[in-house]
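Q: Please take a close look at a single part of this structure and describe how that part fits into its surroundings.

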Amino acid sequence: MSTASSPASEPTPPSGATSPYASPSAAALISAVDTYDIRFPTSRQLDGSDAMNPDPDYSAAYVVLRTDAPDGLEGHGFTFTIGRGNGVQVAAIEALRPYLLGRPLDALCADPGTLSRELVGDSQLRWLGPEKGVMHMAIGAVVNAVWDLTAKRAGKPLWKVLADAEPEWIVSQIDFRYIADVLSPEEALRMLRAGRRGASGREAALLERGYPGYTTSPGWLGYSDEKLARRAKEAVAEGFTHIKLKVGADVADDIRRCRVAREAVGPDIRISVDANQRWNVDEAIEWTRALADFDPYWIEEPTSPDDILGHATIRRAVGPVKVATGEHVHNRIVFKQLLQADALDILQIDAVRVGGVNENLAILLLAAKFGVPVCPHAGGVGLCELVQHLAMYDYVSLSGSTDSGSTDSASTESASLGARVIEYVDHLHEHFLDPVSVRDGRYDAPRSPGFSATMRAESLAEYRYPEGTFWAAELAAPTLAAPTGEAVA
Ligand SMILES: [Mg+2]
C-alpha cells in the first residue's frame with residue numbers, strides 16, 4: 001500500500017471524531033478490485049442528445065470491491081462517461097488498485113476520508129489533475145464504492161448513514177484544504193449541529209412523501225416537436241411540475257421548441273433550459289434573452305464550467321432567469337469560487353464528477369453556507385440512483401429544506417414548486433438492483449442498505465465492452481459501426 005503524503009498541510013479535524021461503524025472484531029480485508037467497462041447503445045434512439053453531445057452511448061466505468069469477510073458484502077461504485085473514453089476511465093480506476101488490495105475492511109469503512117485523502121494526495125497520479133478530470137473521477141468511483149460497502153455493512157441506505165452520523169465524524173470526512181478560507185472545520189461543525197435540529201421530523205416527512213424531482217426526459221435535442229409535446233404532457237400527467245429542455249444548437253429551433261413545450265404544459269409548470277456549455281458569454285446572454293418570452297426558470301451550463309467570472313457576468317445579465325451549473329465542475333475549489341463570485345443561483349452537484357461522497361459533503365456545506373439551493377444533476381446511467389442519497393441527507397441533516405435558502409430547521413417543505421429538485425431521467429434504471437422509485441414527480445427515499453449503486457449481474461454480462469454478449473454480437477456484424485465511433489461522423 002502506498003504511503004503517499006499530502007502535498008499541502010491541511011486543518012486538523014476536531015477532536016472526538018469517532019465513527020459509528022468501527023467494529024474491532026473482524027480482521028477482514030479487501031481481497032479483490034474488479035473493474036468493468038460498461039456501455040449502453042443509447043445513441044441509437046438519440047436519448048440523452050444535447051447541443052454538445054449529439055450521440056452519447058451512456059457508459060459506466062464500474063468497480064467492485066470484494067472482501068474476505070464472511071458476510072459476502074461488496075462495494076459497488078462507478079463513474080459516468082458517454083462512450084469513447086470509458087476504457088481510459090477504467091484504466092484510471094485500475095491505477096488506484098494498490099491502495100485498496102489488502103486494506104483492512106473495518107478501518108476503511110470506519111473512515112473513508114483517510115482513503116480519499118491518500119488517493120487525492122498520490123504525488124505521481126496527482127500530476128494528472130490535480131483534483132480534476134479522469135483521475136479525480138476514478139477516485140470518485142472508488143470512494144463511492146467504499147461508501148456503498150460502508151452503508152451495506154451498517155444495514156442502512158447511504159442517506160441514512162450520513163443523516164445519523166455525528167457531526168464531528170462528518171467533519172472528519174471532509175478535506176478542508178483549499179476551502180478553509182471560506183469554510184473552516186469549526187464552522188462546518190456548527191452548521192452540522194444546527195442542521196440536525198428537527199432532523200427526525202424531516203426524516204419522517206421524507207419517508208412519507210419523498211423528495212421533489214424534475215424531468216429532462218421530454219426535452220432531448222434530437223426529439224421531434226411532436227415527441228417533445230407528447231412527452232412534456234406525459235411528464236405533467238405523471239406529476240412533475242418542472243421539466244427541462246436542451247437548447248443551444250439553433251436559436252430559431254430553440255424558440256420554436258420552447259413555444260411547443262410551453263403550449264403543451266401551460267403557464268404553471270416550470271421549464272428550465274440547458275445549453276450544455278455551448279455558448280460564449282455574450283452569446284449566452286443574447287440567447288437566454290431570446291427565450292425569455294417562454295419564462296425559463298434556469299439556464300443551465302450556459303458556457304464553460306471553468307469560466308467562473310463568465311457565469312457571474314451571465315447571471316447579472318439574464319435575471320430573473322436563474323443560472324445553474326455544476327455537473328462538470330471539477331471540485332470543491334471551483335464551487336467555492338463560483339459561490340464567492342455570486343455566479344450561481346442553483347448549484348448542481350454530481351455524484352460521480354468530483355472525488356466522491358467526501359468531496360460532495362464539502363460542496364453541500366459550501367452551498368449551505370452561501371444559501372444557494374442544490375439541485376443535483378442526474379440522468380446518465382445510475383446518476384439518479386446515487387445522487388438522491390446526497391440530496392436527501394442534505395434535506396434531513398444539513399440544509400433542512402427543499403426550498404431555497406440556507407439552514408432552516410423549522411422548515412417543513414410543502415410546495416411542490418420548492419426551489420430544490422433532483423433531476424430525473426427515465427433511462428437505464430432497469431439495470432440496477434435498487435432502482436430509483438419516482439412517483440407523482442417525487443423520489444421515494446431508498447430503504448435498502450447501500451448507495452443504490454449495484455448493477456445487475458446480467459446487465460454487466462450483456463453490456464461489458466467489448467466482450468459482453470450485446471457488444472460481441474454487434475462487433476461481429478460487419479454493417480454496424482463499433483461504439484468506439486471510428487465510423488461516427
Ligand atoms: Mg445538464
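A: In this predicted model, V64 has H76 in strand β3 as its bridge partner. That pair belongs to the pairing of strand β2 with strand β3 (residues 75–81), where seven bridges join the two strands in the antiparallel sense. Strand β2 also pairs with strand β1 (residues 30–39), again antiparallel, over nine bridges. Within the pairing of β1 and β2, I38 stands opposite A60.

The surroundings of β2 can be described next. Strand β2 spans residues 59–67, and eight of its nine residues are buried, so this strand is largely enclosed by the rest of the structure. In a regular strand, side chains alternate between the two faces of the sheet.

The nonpolar core may now be considered. The largest nonpolar core contains 144 residues, and V63 is among those with the most contacts inside it, together with A141, V142, V146, L364 and V387. Helix α5 (residues 133–154) contributes the most to this core, giving 12 residues. It is a general tendency in soluble globular proteins that nonpolar side chains are buried together.

A contact of V63 shows one link in detail. When neighbours within four places in sequence are left aside, V142 is in contact with V63. Under that condition, the other contacts of V142 are G77, I93, L96, L100 and L119. V63 and V142 are therefore both among the residues with the most contacts inside the largest nonpolar core, and the two are also in contact with each other.

Methods. Residues numbered from 1 in each chain as written. Predicted model: local features only at pLDDT ≥ 70, side-chain atom pairs only at ≥ 80, totals over all residues. Core = buried A, V, L, I, M, F, W, Y, C linked by C-beta atoms within 7 Å. Buried ≥ 20, exposed ≤ 12 C-beta atoms within 10 Å, placed from the backbone. Helix = DSSP H or I, 4+ residues; strand = E, 2+ residues; numbered from the N terminus. Contact = placed C-beta atoms within 7 Å. Pairing = 2+ DSSP bridges.
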